[in-house]
Amino acid sequence: MKTFYGRANPTTGALDWVEESEEYDYHQEIARSCYADMLHDHDRNKKYYEGIRAAVTRVKARGEKVIVLDIGTGTGLLSMMAVTAGADFCYAVEVFKPMAEAAQCIVEKNGFSDKIKIINKHSTDVTVGPDGDMQVKANVLITELFDTELIGEGALPSYEHAHQNLMQDRCEAVPHRATVYAQLVESELLWSWAQLQPVEVEGARLVPPPAVGRCAGAHAVCDIQLSQVSPASFTPLGPVCTMFTVDFSKPVSSAFQAHSSQFVAQSSGRAQVVLSWWDLDMDPSGSIVCTMAPSWTYQEPKMAPWRDHWMQSVYFLPVESQVTEGEELSLMVCHDDYSLWYSLQRGSQTEAPPSRPCCTCQAHLVWTRPRFGELNDRRRTESYISALRSVLREDSVCLSVSDGSLLPVFAHMLGAKKVRRFHLTDTVIRLEQLTSNDVGGEQISVLMGEPYFSTSLLPWHSLFFWYCRTALAGLLRPNASILPRAASLHMVAVEFQDLWRIRAPCGTCEGFDVTPMDEMVQRSLDFHESREAEPHPLWEYPCRALTQSTAAMTFDFTQCLPQQPISTQGSEGRCHGVALWMEYHLTDDITVSAGLTGPINEQGDCEWSRHRKQGVYFFGSPWEISGDGRAAVSYSFTFEPSLGDIRMDFTVTSQDTIFDSFL
C-alpha cells in the first residue's frame with residue numbers, strides 16, 4: 001500500500017508531495033542505522049561473550065537454572081552467546097519490529113529457537129506469569145542499552161523497571177558495572193563550538209551581545225570521535241577523574257543524582273570544556289573491561305578499538321573561568337534519567353547541585369555546534385570580509401539570503417548603504433512576492449549568502465541559494481554582484497580506514513550466522529533514496545584519497561537557474577567510496593571549501609572542514625567491489641532544477657567483495 005507524504009525539499013524550499021510505500025520510514029531508519037558497526041566491533045563482542053560466560057558460570061555454581069533476560073537484543077547475538085555458554089532459557093526483548101523479525105530468523109537459522117523467545121515489546125511492557133511474556137523472572141540480566149552518553153537511550157529507567165518487575169532479587173548482570181570518567185580542559189578549538197567569539201572588521205571589534213555571552217548554552221551532549229581531536233588542541237587542567245559508577249546487578253534509580261570529584265589543578269588556564277567517556281566492567285571483579293577511552297589515552301594509540309555506535313562526549317561549562325595551578329577544584333556531574341551536565345566549583349566545599357543549563361539567548365537553539373565553529377573560523381571570516389570589501393560601494397543595497405549569518409553585520413560595518421536579510425523561513429514563494437518597497441524602494445546591488453541553511457543535510461542542498469537568486473532576479477540591478485559568484489561540487493575517490501564498517505555486511509559474527517540482518521539492511525539500502533549519498537563529518541573518519549579531487553559540476557550563480565538539466569561525467573579510477581563536497585567561489589580569486597581544506601599529500605592524507613558534513617557514497621554491494629578492496633568507477637551527475645536534486649550514476653567494474661580484504 002502506498003500513501004502521499006508531504007516532504008520539504010531542502011534545495012528548492014518547496015513542499016513536495018510524493019507517493020511512497022507505507023514501509024518507507026522504517027526502511028530509511030534501517031538503512032541509516034549502524035547495526036553492522038556494532039557487530040563488527042570485535043572488542044565489544046568478545047568482552048560481552050566473556051562476561052556472559054562468567055555470569056552463567058556463577059549462577060550454575062549456586063545450583064540454579066540460568067534464566068536470561070536480554071533487553072534490546074537487536075540481532076539476538078547476546079542471547080545466542082548466553083545459550084552457548086549454558087543458559088537454560090533466554091527471553092530476548094526487542095521493541096523495533098523489523099529488528100525483532102530479523103532476530104527471530106537469526107535465532108532459528110542458528111538452531112536456538114527452542115531456547116530463545118523473541119518478545120517484540122518495550123521492556124517496560126513485558127509481563128511475567130503463566131500467561132505472560134515470561135513464565136518466570138530471570139536471574140541474569142543482559143543489556144546493550146547504552147549510547148555515547150551512557151544513559152541517553154533510557155538505560156536507567158529500563159534497568160529500574162527490570163529490577164522491580166522482571167528480575168529475581170539475587171541476579172547477575174552483564175555488563176556488571178559502568179564507570180564514567182571526565183577531564184577538565186582548556187581548548188580554543190572545542191570552546192569555539194560553544195560560544196560566539198569577537199571578530200575584527202576594518203579595525204573595529206565586533207562583540208557578541210551580552211545575552212549571548214552570558215548564556216549557559218544548550219545542555220545537550222556533543223558526541224564526537226574524540227580520538228580525532230589531537231591532544232595538541234587542548235590543555236588538561238586536571239587529571240582524568242572517576243565521576244560515578246552504576247552497579248547494574250542491583251536496583252537502579254533513574255532519579256536526579258549529583259556526584260563530584262575533587263582534584264588539584266595541574267595547570268593554569270581557562271576552564272572551558274569537560275571531556276568524558278565510560279567503561280563497562282563485564283564482571284564483578286573488573287577483570288573484563290570494555291572501554292570507550294579515546295585512542296590518545298593508550299600507550300599504543302593504534303591498538304584502540306574503533307567504534308561509531310559509542311564515541312566520546314564533550315560538555316561545555318556554563319561559563320569559562322580562570323584556574324590556577326595548585327588550586328583546589330571540584331568537578332560536579334548531575335544527571336536525570338536521560339542526560340548529564342557538568343559544573344566546576346572552587347575549593348573542597350561542595351555547593352548545591354546546579355540546575356540543568358538551558359539556552360536563554362536562542363542562538364544555541366538555532367546554531368549547531370559545528371555552526372558555532374564555522375562562525376568562529378577566523379580564516380573563513382576573513383575570506384568573506386575580503387570578498388565583501390571587493391564588491392561593496394557607498395551606495396550598495398545588500399540583501400543576505402542565509403540562516404543566522406553574520407554577513408549582513410559585516411556588510412554594514414564595511415559601509416554598505418542599506419542591508420536587508422532573509423532566512424529560510426522566508427521561502428521562495430515569499431521571495432517572489434517581494435517588491436522594491438521591501439528593500440527600501442531601491443534595487444539590490446549585492447545579493448550575498450554563505451550560503452548556509454539549517455535544513456541542509458547534503459552539500460548540494462545549499463543550492464537553495466540559487467533558487468532564491470532566481471526568485472529575486474526582478475529586484476536585482478543589471479550589474480548586481482552575486483556573492484558567491486558560483487559553486488562547484490567536488491569529489492575524490494577514497495579508502496576509509498574504518499567508516500566502511502557501518503555499511504559492511506557481517507556474515508558470521510563470533511561464530512553465529514547473522515546473514516538475515518545483512519539481507520534486511522540490504523533490502524532497505526536498495527529501497528529508493530537509501531542508495532544515495534549520506535552526510536558524514538569526514539574529519540572524524542580518517543580516509544586515504546586515491547585520486548586528486550575533481551570538480552564534477554559547476555553552478556553559475558550570476559545566471560538564473562537553468563530550465564534544462566545540467567549533466568557531467570567522468571572517471572575516478574579505483575576506490576571503494578566517494579566523498580563529495582561543495583566549494584563556494586566568492587569572487588574570481590576567493591574560494592571557501594566545505595570539504596578538503598588543503599591539498600592531498602603523496603600518501604593520500606586528507607584534511608577536512610570541521611564545520612560542514614560531506615556527502616559519502618559507499619560502494620557496498622558484493623558485485624560493486626573488486627577483490628583488492630577497491631572498485632573501478634565511472635560517474636555521471638545530473639542536476640535537475642525542477643526537482644532540486646543531483647542524480648548520481650556510478651558504473652563499477654568489479655569481481656569480488658571488499659569486506660574479506662579488510663577483516
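This short talk walks through one β-α-β unit and some aromatic contacts in the structure above.

Hi everyone, and thanks for coming. Please keep in mind that this is a predicted model.

Let's start with the strands. Strand β4 covers residues 89–93 and strand β5 covers residues 116–119, and the two pair in the parallel sense over four bridges. If you want a spot to click on, try V93, which stands opposite I119 in β5.

What do β4 and β5 make together with helix α5? With the helix, residues 97–109, they form a β-α-β unit, and it is right-handed.

Now the helix itself. Does the length of α5 agree or disagree with 1.5 Å a residue? The helix has 13 residues, so at that rise it should span 18 Å, and its end C-alpha atoms are indeed 18 Å apart, which agrees. Several α5 residues are buried: P98, M99, A100, A102 and A103, along with I106 and V107. Just after α5 comes G111, and this glycine takes a positive phi of about 80°.

On to the aromatics. How many aromatic pairs does the structure hold? The count is 24. Take Y315 and Y342: their ring centres are 4.9 Å apart and their planes meet at 50°. An angle from 30 to 60 degrees is neither stacked nor edge-to-face, so this pair counts as tilted. The two tyrosines link distant parts of the chain, with Y315 in strand β17 (residues 312–323) and Y342 in strand β19 (residues 340–346), 27 residues apart. Both Y315 and Y342 are buried.

Another pair to look at is W466 with F555, which is edge-to-face, at 5.9 Å centre to centre and 70° between the planes. Here too, distant parts of the chain are linked: W466 sits in helix α14 (residues 464–471), F555 in strand β29 (residues 550–556), and they are 89 residues apart. W466 and F555 are both buried.

Rings can also gather in groups. Which residues do ring pairs link into a cluster? They are F146, Y159, F248, W278 and W310.

Last stop, arginines over rings. R53 lies over the face of Y49, 3.8 Å from the ring centre. Over at W539, the charged end of R610 sits above the ring, 4.5 Å from its centre.

So, if you open the model after the meeting, you could begin with β4, α5 and β5 and their right-handed unit, then move on to the tilted pair of Y315 and Y342, and finish with R610 over W539. Thanks for listening!

Methods
Residues are numbered from 1 along each chain as its sequence is written. This is a predicted model: local features need pLDDT of at least 70, side-chain atom pairs count only at pLDDT 80 or more; totals for chains, interfaces and linings use all residues. Side-chain values use heavy atoms; hydrogens and water are left out. Two strands pair if DSSP finds at least two bridges between them. A crossover is right-handed if, with the strands pointing away from the viewer, the path from the first strand over the helix to the second runs clockwise. The expected span of a helix is 1.5 Å times one less than its number of residues. Buried means under 20% relative accessible area, exposed over 50%, partly exposed in between (1.4 Å probe, protein chains only). Rings of Phe, Tyr and Trp (its six-membered ring) pair if their centres lie within 6.5 Å; planes under 30 degrees apart count as stacked, over 60 as edge-to-face and the rest as tilted. A charge sits over a ring if NZ of Lys or CZ of Arg is within 6 Å of the ring centre and within 35 degrees of the ring normal.
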